[in-house]
Amino acid sequence: MIKTPYLWFKATRRRNKAIVVVVFLVLFFVIRSRRQVSLESQYVTQKVSRESITALVSETGNVSVTGQVKVYSPTTGILEKLYVQNGDKVVAGQALMSVKSTASEQDRATAYATYQSANVALQVAQNNLRDKAAIAQRVLDDVRGHDSDETYLQKQTRTTAEVARDNAYDTVRSARAQLLSAQLTLATTQDVVIHAPVSGVVANLVASQGGNISYSTTVPALVVTNSSEYFVTLALNEVDIFKVKEGQKANISLDAFSGKKFNGVVTRLDSVGTITSGVVTYNVSVVISDPTSEIRSGMTANVDIEVDKISNTLTV
């Protein structure tokens, strides 16, 4: 890249050489003058005034609503009857929908047999626990009052009895868990009518009458909500958390409501942090003081918490 221009410059006429030299000199002085201008200090002046200064801790979070209860389908099948729609008010115990299970007779029989077996296993475990507990109690009664002269054999007998009792108790706990699992599996093969667990308003209904509905522990069939309080959960770092106190005011803006501001109040702060990828954060709850019915759970909220304020001070 250097050799070719050099050979051209060496072989060209004197006039062309002079033109090149002039161009380089002009460029040199232009760049130099601009650099000198950029190095000169620039100042902006402003009159001193008296104003209020507010220190803010700003963070983004999501809106949550208290009083929300998720309702799941305990079985997989066809939604035969749907008694409510989104926005309907319901009372606790009211029928919401009926589901006809699509399980085969073999599935039903297998689930019922597993349930019966788990039930029997629990009864056996409970009987064994009563027996081991009675033996341990008799051994303890025999050695009571002999703490100072208890023989090695007596100590060994007492320890063996206590271990057997504790093991029997653990077996009962395991049997109860197996029975609960069997009950849930059996329920997925049965026809069912789902009722409202609490009073409120129906929301997020995902199924329609005649459609399919599946057993799930993660995706609810609907939500019954009593929107008594809207709040935003923030994750503050370990520097900002010490500036925030309960009762401090906050300004809240929601991405869904451009240009509109809501008032908030800090109501709760975590004292134990959560560490994620080596970074510790503390959850803070800010209640929206003036919510509207259009606010939805999960909306993105930008929160400015007023952590300090100075009035009528000189400012520039």
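The exercises below, each with a worked solution, concern a predicted model of a single protein chain.

**Exercise 1. Overall form of the chain**

Determine how many helices and strands the chain has, and decide from the radius of gyration whether the chain is spread out or compact.

Solution. Begin with the secondary structure, which comprises 4 helices and 15 strands. Next, set the radius of gyration of 38 Å against the 20 Å that the globule rule gives for 316 residues; the value is well over that figure, so the chain is more spread out than a compact globule. The box filled by the C-alpha atoms along the principal axes can then be added, and its dimensions are roughly 115 × 70 × 65 Å. Turning to burial, 26% of the 316 residues count as buried, while the chain exposes about 21,300 Å², of which carbon and sulfur atoms supply 54%. Finally, consider the contacts between residues at least 6 apart in sequence: 78% of these join residues at least 24 apart.

**Exercise 2. A nonpolar surface patch**

Identify which residues form the nonpolar patch on the surface, and state which helix gives the most to the patch.

Solution. The members of the patch are W8, F9, V21, L25, F28 and F29, which together have about 600 Å² of accessible area. As a second step, assign the patch to secondary structure: both α1 (3-11) and α2 (14-39) supply at least two of its residues, and α2 gives the most, with 4. One member can be examined individually, namely F28, which is placed in helix α2. Its relative accessibility is 47%, and because this lies between the 20% limit for buried and the 50% limit for exposed, F28 counts as partly exposed.

**Exercise 3. Two open sheets**

Give the strand order of the open sheet that contains β5 and of the open sheet that contains β7, and name the edge strands of each.

Solution. Take the sheet with β5 to begin with: its 4 strands follow the order β6-β5-β3-β8, and the pairing is antiparallel. Its edges are β6 (192-195) and β8 (212-213), each of which pairs on one side only. Within this sheet, strand β5 (residues 95-101) is joined to β6 by 4 bridges in an antiparallel arrangement, and A95 stands opposite H195 in β6.

The sheet with β7 also has 4 strands, in the order β2-β9-β7-β4, again with antiparallel pairing. Here the edges are β2 (68-71) and β4 (89-90), each pairing on one side only. Between β7 and strand β9 (residues 222-225) there are 3 bridges in the antiparallel sense, and V202 has V224 in β9 as its bridge partner.

**Exercise 4. Positive phi outside glycine**

For N204 and S277, give the phi angle, and decide whether each is buried or exposed.

Solution. N204 has a positive phi of about 55° although it is not a glycine. The residue is located in the loop between β7 (200-203) and β8, and N204 is exposed because its relative accessible area of 54% is over the 50% limit. Proceed in the same order for S277, which is likewise not a glycine and has a positive phi of about 55°. S277 belongs to the loop between β13 (274-276) and β14 (279-288), and with a relative accessibility of 76% it counts as exposed.

**Exercise 5. Surroundings of S253 and Q248**

Establish where S253 and Q248 lie in the secondary structure, whether they are buried or exposed, and which residues they contact beyond four places in sequence.

Solution. S253 is placed in strand β11 (residues 249-254), and since its relative accessible area of 17% is under the 20% limit, S253 is buried. Once neighbours within four places in sequence are set aside, the contacts of S253 are K260, K261, T300, A301 and N302.

Q248, by contrast in its setting, lies in the loop between β10 (230-237) and β11. With a relative accessible area of 12%, Q248 is also buried. Under the same exclusion of sequence neighbours, Q248 is in contact with K243, G264, V265, V266, I305, E306 and V307. As a last step, compare Q248 with L140, which is 108 residues away along the chain: the C-alpha atoms of the two residues are separated by 59 Å.

Definitions and conventions:
Residues are numbered from 1 along each chain as its sequence is written. This is a predicted model: local features need pLDDT of at least 70, side-chain atom pairs count only at pLDDT 80 or more; totals for chains, interfaces and linings use all residues. Side-chain values use heavy atoms; hydrogens and water are left out. Patches are made of residues with over 30% relative accessible area and no salt bridge: like charges are joined within 9 Å, nonpolar side chains (Val, Leu, Ile, Met, Phe, Trp, Tyr) within 5 Å. Accessible areas come from the Shrake-Rupley method with a 1.4 Å probe; for residues, only the protein chains shown count as cover. A salt bridge is a side-chain nitrogen of Lys or Arg within 4 Å of a carboxyl oxygen of Asp or Glu. Buried means under 20% relative accessible area, exposed over 50%, partly exposed in between (1.4 Å probe, protein chains only). The radius of gyration is taken over C-alpha atoms; the globule rule is 2.2 Å times the number of residues to the power 0.38. Contact means heavy atoms within 4.5 Å. Two strands pair if DSSP finds at least two bridges between them.
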